[in-house]
Amino acid sequence: MNHNLDNYILKSSFGWSWRTWSRAFLGLEKELLKNILENDGNILEVGPSEHSQVSLIFLNAKKIDLGVYKKNIKRQFLINTLEKKFINDPRIKTIDLDMRELEGKYNLIIMKSILGGIFRDGESSIDDVLNLIKKIVDNNLFEDGYLISLDNGKGFLHYFRDLYGAKKNKWRFFKQESLKTKYLIAQNNFGFLSSFSLSLRLPVVGNILENFLHIFDILFHKFFSKKISNSSVIVSVYKK
């Protein structure tokens with residue numbers, strides 16, 4: 001696997017539907033991906049969960065801050081869980097974080113499935129999303145630093161979001177072109193069916209179904225990716 005990232009690391013990093021999310025990320029242009037993964041500076045992950053921390057893919061990082069939302073109702077539980085998990089890794093620490101008012105500067109900031117939850121449909125606009133991206137790049141990245149956002153796209157399953165509560169909670173799904181700003185240097189997408197976290201909802205059967213759907217998505221992407229831009233996962237890379 002790319003840059004010593006085996007399936008165990010990828011699963012721990014990307015969490016639910018990890019194959020789809022990691023394939024979208026690892027599908028970035030090779031030289032850019034190499035530069036990102038070999039980053040040996042200070043890294044911030046926005047909104048890690050107790051089950052996955054995408055910043056773990058940065059094996060050379062000097063320091064990793066896991067930014068936990070101040071208003072997260074599970075804040076203390078999450079902090080305790082993460083601190084216990086990484087007690088023997090001095091590079092990694094948890095910090096309190098206000099997404100709209102980030103503090104400090106980093107060589108790389110990464111967030112997975114974050115923007116759709118902060119900027120809900122009917123409560124915000126796409127301009128609000130783009131303004132926050134610009135603000136983070138301007139204020140929180142060192143020169144030549146990267147902001148990487150992995151977001152839920154309007155793939156096929158978007159039309160069935162009622163089944164898994166995404167429409168009810170107004171989660172925002174994105175079209176790839178809607179995430180473009182002057183700082184954007186690269187995008188990639190992947191997934192048509194396999195971003196449904198079936199293995200969490202139906203542990204045994206769900207895992208079998210996810211494997212099958214992922215194989216379908218690989219074939220679908222190979223033959224039709226140039227014709228369909230709306231995939232389940234969108235990766236956007238911004239650079240200062």
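The following exercises, each with a worked solution, concern a predicted model.

**Exercise 1. Strand E7 and its partners**

Determine which strands pair with strand E7, in which sense they run, and whether the residues of E7 are mostly buried or exposed.

Solution. Begin with strand E5, which covers residues 141–152 and is joined to E7 by 7 bridges, the two strands running antiparallel. To fix the register on this side, take Asn152, whose bridge partner in E7 is Val233. Next turn to strand E6, residues 184–190, which pairs with E7 over 6 bridges, again in the antiparallel sense. Here a reference point is Gln187, which stands opposite Ser236 of E7. Finally, consider the accessibility of E7 itself, which spans residues 233–239: the strand is mostly covered, with 6 of its 7 residues buried.

**Exercise 2. Positive phi angles outside glycine**

Locate Ser17 and Asp144, state the phi value of each, and decide for each whether the residue is buried or partly exposed.

Solution. Take Ser17 to start with: this residue is not a glycine, yet its phi is positive, at about 50 degrees. Ser17 lies in the loop that connects helix H1 (7–14) with helix H2 (18–26). The relative accessible area of Ser17 is 4%, and because burial requires a value under 20%, Ser17 counts as buried. Then examine Asp144, likewise a residue other than glycine, with a positive phi near 70 degrees. Asp144 belongs to strand E5, the strand that was found above to be bridged to E7. With a relative accessible area of 49%, Asp144 is partly exposed, since the exposed class begins only over 50%.

**Exercise 3. Nonpolar cores and a surface patch**

Identify the residues that touch the most other members of the largest nonpolar core, and then find which residues make a nonpolar patch on the surface.

Solution. The largest nonpolar core holds 38 residues, and those touching the most other members are Phe14, Phe25, Ile36, Phe58 and Ile148. Helix H2 gives the most to this core, contributing 5 residues. For a closer view, follow Phe14, whose contacts, leaving aside residues up to four places away in sequence, include Trp21, Phe25, Val54, Ile57 and Leu150. A second core, separate from this one, has 24 residues, among them Ile109, Leu130, Val137 and Leu147. On the surface, Ile215, Leu219 and Phe223 make a nonpolar patch of about 330 Å². Leu219 is situated in helix H8, residues 203–224, and its relative accessibility of 47% places it among the partly exposed residues.

**Exercise 4. Salt bridges**

Work out which parts of the chain are linked by the salt bridges of Lys74 and Glu101, and classify the accessibility of the residues in the bridge between Lys63 and Asp65.

Solution. The whole structure contains 9 salt bridges. In one of them Lys74 is joined to Glu50, with the closest N and O atoms 2.9 Å apart. This pair links distant parts of the chain, 24 residues apart, for Lys74 sits in the loop between strand E2 (63–69) and helix H4 (75–85), while Glu50 sits in the loop between strand E1 (42–46) and E2. Glu101 forms a salt bridge with Lys135, their closest N and O atoms being 3.0 Å apart. This pair too links distant parts of the chain: Glu101 is in the loop between strand E3 (92–97) and strand E4 (106–112), and Lys135 is in helix H6, 34 residues apart. Last comes the bridge between Lys63 and Asp65, whose closest N and O atoms are 3.8 Å apart. Lys63 is partly exposed, at 30% relative accessible area, whereas Asp65, at 2%, is buried.

How values were computed
Residues numbered from 1 in each chain as written. Predicted model: local features only at pLDDT ≥ 70, side-chain atom pairs only at ≥ 80, totals over all residues. Heavy atoms only, no water. Buried < 20%, exposed > 50% of the residue type's maximum accessible area, 1.4 Å probe, protein only. Helix = DSSP H or I, 4+ residues; strand = E, 2+ residues; numbered from the N terminus. Pairing = 2+ DSSP bridges. Core = buried A, V, L, I, M, F, W, Y, C linked by side-chain atoms within 4.5 Å. Contact = heavy atoms within 4.5 Å. Patch = residues over 30% accessible without salt bridge, like charges linked within 9 Å, V, L, I, M, F, W, Y side chains within 5 Å. Areas by Shrake-Rupley, 256 points an atom, 1.4 Å probe, with all protein chains shown as cover. Salt bridge = Lys/Arg side-chain N within 4 Å of Asp/Glu carboxyl O.
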